[in-house]
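Here are my notes on the model you sent over. Have it open while you read, and skip to whichever point you care about.

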Amino acid sequence: MIQTLQTDSDNLFFFISSCHTTLVVQKDPRGFVFVPYWGSLIPAVDLGYLLAEIPRASYLADADGCKNFKLEQLPQLYPSYGYTDLRTPAFSFTYADGSRTTDLRYAGHRIYRGKQKLPGLPMVRSSPDAETLELKLHDALQQVDVTIVLTVFAEHDALTQSVKVENHGQAPMKIDKICSASIDLPDNRWEFLHLSGAWARESHICRQPLSQGNVSVGSLRGASSHAHNPFAALIDPAADETHGEVYAMHFVYSGNFLASAQVDMHQNTRFQMGLHPFDFDWTLEEGDSFVTPEVVLLYSEEGLGQMSDRFHALYRDCLLPPNFAGKTRPILLNSWEASYFQFTGESLTRLAGQASNIGAELFVVDDGWFGHRDDTTSSVGDWVPYQKKLGGDLNELIQAVHRQEIAFGLWLEPEMVSPDSNLYRAHPDWVIQAPGRRVEKSRDEYVLDLSNPAVCDYLIDTISHLLATYPISYIKWDMNRNFTNLGSTYLPAACQKEQAHRYMLGLYRILDTLTQAFPKVLFEGCAGGGGRTDPGMLYYVSQIWISDDTDALERLPIQYGASLTLPAEVMGCHISAVPNHQTSRFIPLQTRAAVAMAGSLGLEMDPAAMSSEERAELEDVVARYKKLRPTIQQGRLHRLKGLEDGNEYAWMFSSLDGAEVLVTYIQKRMCPNTITRRLRLRGLKPDALYRAEGEGWVRSGQELAGAGLAVGRVLTDAFARQWVLHRVDHSSKDD
Ligand code: DGJ
């Protein structure tokens with residue numbers, strides 16, 4: 001609900017409230033716009049007293065000549081550069097006369113139900129509980145409009161914000177920096193939480209204290225990257241899964257970004273998210289406009305658990321492709337770790353048969369099926385079947401796979417090109433390249449310049465042809481290198497710094513066109529594992545391969561971190577062979593399975609290489625997962641352990657109706673001579689009884705939440721234990 005309140009003191013307040021939270025925007029008599037409050041739900045009353053002047057020396061000029069009125073001392077909604085606020089601005093523009101000062105004042109607003117589309121960009125979709133405030137700000141000298149578009153999703157307790165810039169002046173201007181959201185909080189008692197890592201170690205939770213100055217994470221790699229997810233939160237240092245305040249931002253964008261927190265000299269914290277300003281600018285001709293990608297803003301007063309609940313619900317209901325949202329994902333077997341590049345049509349058909357026997361529902365042929373590709377050195381870009389290797393046409397292989405009663409999926413890496421490819425030979429100018437410099441390879445590939453519309457059109461045509469020709473149910477959309485030596489043969493010299501963002505706009509156009517034209521095809525995002533695990537991609541792809549690391553122990557912190565924002569069905573989680581291909585570890589199958597059952601289950605191994613006992617065990621795992629799949633993929637996650645010393649992880653999923661619960665406990669390293677661990681369960685109905693499958697006991701929700709489950713003896717490293725609980729009284733609803 002968005003309420004306005006005009007006060008006698010000529011302040012106009014906007015109370016942007018969801019079921020449990022409120023963000024207040026205040027327009028003051030001079031037309032400046034502030035955010036006096038963001039937090040738990042409050043009523044719409046005159047909050048003018050919150051910004052009462054407290055004179056503090058800052059050696060700054062006064063705004064509008066009003067004594068002691070300095071923007072720097074006030075919490076602003078969208079701070080500009082230069083005008084009595086010298087903290088980090090949310091944006092900066094350079095005008096034709098060389099000036100860089102922008103003075104934005106309120107110029108009108110519009111409130112409407114729902115939410116409008118962001119042209120060419122992914123976004124949290126409108127929903128019946130959505131209401132939008134468009135706040136137009138204006139610089140009278142330069143004739144520039146900046147419109148803040150804030151949507152509240154009442155039932156979801158979430159906000160989104162994007163910003164539109166319109167140049168109504170007489171000359172072109174440049175956007176040098178543009179955040180999608182900037183929030184000033186009136187204290188500095190926060191830790192900066194982010195998800196960071198590297199290839200095979202993505203999405204690890206990092207928390208660092210704030211002190212006066214700046215802290216930031218970001219990407220200049222052309223993708224949101226393995227190093228940093230475009231997610232950041234300000235979190236109470238004492239907060240955990242169930243307690244404490246959290247302010248979170250998640251950028252609906254897959255390219256270069258910057259998330260930052262700045263503590264100023266008066267202990268305020270400025271929290272920002274947006275396009276990375278380095279090596280970026282954008283020319284805005286007279287009459288033109290620019291729209292930023294949007295940020296999801298979430299406030300939680302009950303720790304990370306409540307934050308995740310809200311992200312999961314929002315993304316399930318309003319972000320994921322509607323054709324797959326709310327539907328269970330198939331169990332797949334991917335050929336990569338089973339055979340890498342070494343396969344034939346016959347070996348793939350045999351592998352598909354094995355997959356089907358084990359109970360998998362989708363067989364995915366990974367890299368190596370096209371051009372003349374037998375290793376990384378060739379063919380990316382030539383998306384035509386490698387008939388010699390496959391022993392016939394792709395269609396024959398697909399039919400053979402279908403005869404094994406399993407669906408067929410394919411790997412693609414559309415954004416790259418091998419130097420040894422027909423595509424590159426025909427269009428050497430289509431790759432990202434700096435004039436006069438060698439085009440460097442990574443994994444034997446160049447990056448196609450998607451800022452060039454002709455390249456995007458080519459990819460749309462080629463992939464459409466592939467999907468129209470063959471009965472393909474699934475595409476793994478991979479992307480295996482970052483950008484270096486940026487430069488575009490298509491863009492004029494003055495627009496070269498637009499390339500990284502234009503690349504993303506090109507990619508989004510391709511994905512949009514393909515997913516609209518082939519709505520039944522399930523797309524899984526991948527970028528060398530989790531190099532592009534962001535809500536921007538999730539607008540188009542229904543799941544993401546969150547890491548190439550398939551070692552169950554290594555995946556624990558990865559999955560834990562990713563689950564802060566991503567619901568389980570979105571995370572591709574595979575059981576792979578032992579010894580593990582990334583770590584050489586031998587982990588028992590039950591532990592590998594328990595960890596992989598925290599997401600969309602896949603297999604990445606050749607079942608024929610296993611003993612018949614192990615194969616039977618795997619078949620059981622797959623059957624068990626199928627039974628529990630709705631609870632895992634549509635239910636509610638509670639993380640029970642993991643943030644502490646990192647040796648123990650535990651989590652539980654409860655089904656939508658609360659009648660079924662799956663609890664998983666993992667201990668990485670066995671510790672001798674310790675007491676039995678207990679897991680206090682969450683979200684159970686206190687007065688309901690729960691029966692543990694195969695355990696012979698029935699206990700109340702109150703008991704399980706208070707006293708907890710006893711883990712029992714842990715006798716090995718990489719120990720796993722799972723419990724399936726059934727609520728005895730199915731008629732009552734969960735809390
Ligand atoms: C990187 C991916 O993350 C892997 O799963 C696999 O698809 C390879 N690329 C194939 O080249």
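The points below go from the ligand site out to salt bridges, helices, the surface and a few backbone details.

1. First, a reminder that this is a predicted model. Every distance and area in this note is computed from that model.

2. Start with the ligand. Its surroundings consist of 13 residues, and the closest are Asp366, Asp367, Lys476, Asp478 and Asp548. By type, the shell has six charged residues, four nonpolar ones and three polar ones.

3. Which side chains make polar contacts with ligand oxygens? Asp367 is one of them, with a polar side-chain atom 2.6 Å from an oxygen atom of the ligand. Arg443 is another: an N or O atom in its side chain is 2.8 Å from a ligand oxygen. For Trp545, the distance from a polar side-chain atom to an oxygen atom of the ligand is 3.4 Å. As for cover, the ligand has 290 Å² of accessible area on its own, and the protein covers 98% of that.

4. Asp367 deserves a second look. Besides its contact with the ligand, Asp367 forms a salt bridge with Arg373, at 2.7 Å from N to O. Buried or exposed, this Arg373? Arg373 counts as buried because its relative accessibility is 0%. Asp367 is also buried, since its relative accessible area is 1%, so check both side chains if you are looking at the ligand site.

5. The model holds 40 salt bridges. One of those worth clicking on is Asp457 with Arg509, where the closest N and O atoms are 3.0 Å apart. Asp457 sits in helix H7 (residues 453-469) and Arg509 in helix H8 (residues 499-517), so this pair ties together parts that are 52 residues apart in sequence. Asp457 is partly exposed, at 35% relative accessible area, and Arg509 is partly exposed too, at 33%.

6. Compare that with Asp687 and Lys685, a salt bridge whose closest N and O atoms are 4.0 Å apart. Here the partners fall into separate classes of exposure: Asp687 is exposed, with a relative accessible area of 63%, whereas Lys685 counts as buried at 15%.

7. There is also a network of salt bridges, which links Asp85, Arg87, Asp184, Asp264 and Arg270.

8. Now helix H10, residues 552-562. How many of its eleven residues are buried? Ten are, so the helix is mostly covered. Among the buried ones are Ala552, Leu553, Arg555, Tyr560 and Ala562. At the start of H10, a side-chain oxygen of Asp551 comes within 2.8 Å of the backbone nitrogen of Leu553.

9. Helix H11 (residues 589-596) contains Ala593, which is buried at 0% relative accessibility. Its C-alpha atom is 8.3 Å from that of Ala552, although the two residues are 41 apart along the chain. For contrast, take Ser196 and Asp309: these are 113 residues apart along the chain, and their C-alpha atoms are separated by 21 Å. Ser196 belongs to strand S11 (residues 191-196) and is buried, at 7% relative accessibility.

10. On the surface, Leu689, Val698 and Val728 make a nonpolar patch of about 240 Å². Val728 is in the segment after strand S38 (719-727), and its relative accessibility of 47% makes it partly exposed.

11. Last, the backbone. Most residues other than glycine have a negative phi, and most peptide bonds are trans. Where does this model depart from that pattern? The peptide bond from Val578 to Pro579 is cis, with omega near -5°, and Pro579 is in the loop between strand S29 (571-576) and H11. Asp279 has a positive phi of about 55° without being a glycine. Asp279 is in the loop between strand S17 (269-275) and strand S18 (282-284), where it is partly exposed at 37% relative accessible area. Glu405 also has a positive phi, near 60°. Glu405 is in the loop between helix H5 (394-403) and strand S23 (407-412), and it is exposed, with a relative accessible area of 70%.

How values were computed: Residues are numbered from 1 along each chain as its sequence is written. This is a predicted model: local features need pLDDT of at least 70, side-chain atom pairs count only at pLDDT 80 or more; totals for chains, interfaces and linings use all residues. Side-chain values use heavy atoms; hydrogens and water are left out. A residue is near a molecule or strand if one of its heavy atoms lies within 4 Å of it. A polar contact is a pair of N or O atoms within 3.5 Å; within protein, one must be able to donate a hydrogen and the other to accept it, and residues adjacent in sequence count only if both atoms are side-chain atoms. Accessible areas come from the Shrake-Rupley method with a 1.4 Å probe; for residues, only the protein chains shown count as cover. Ala, Val, Leu, Ile, Met, Phe, Trp, Tyr, Cys and Pro count as nonpolar, Asp, Glu, Lys and Arg as charged, and the others, Gly among them, as polar. Patches are made of residues with over 30% relative accessible area and no salt bridge: like charges are joined within 9 Å, nonpolar side chains (Val, Leu, Ile, Met, Phe, Trp, Tyr) within 5 Å. A salt bridge is a side-chain nitrogen of Lys or Arg within 4 Å of a carboxyl oxygen of Asp or Glu. Helices (H or I, at least four residues) and strands (E, at least two) are DSSP runs, numbered from the N terminus. Buried means under 20% relative accessible area, exposed over 50%, partly exposed in between (1.4 Å probe, protein chains only).
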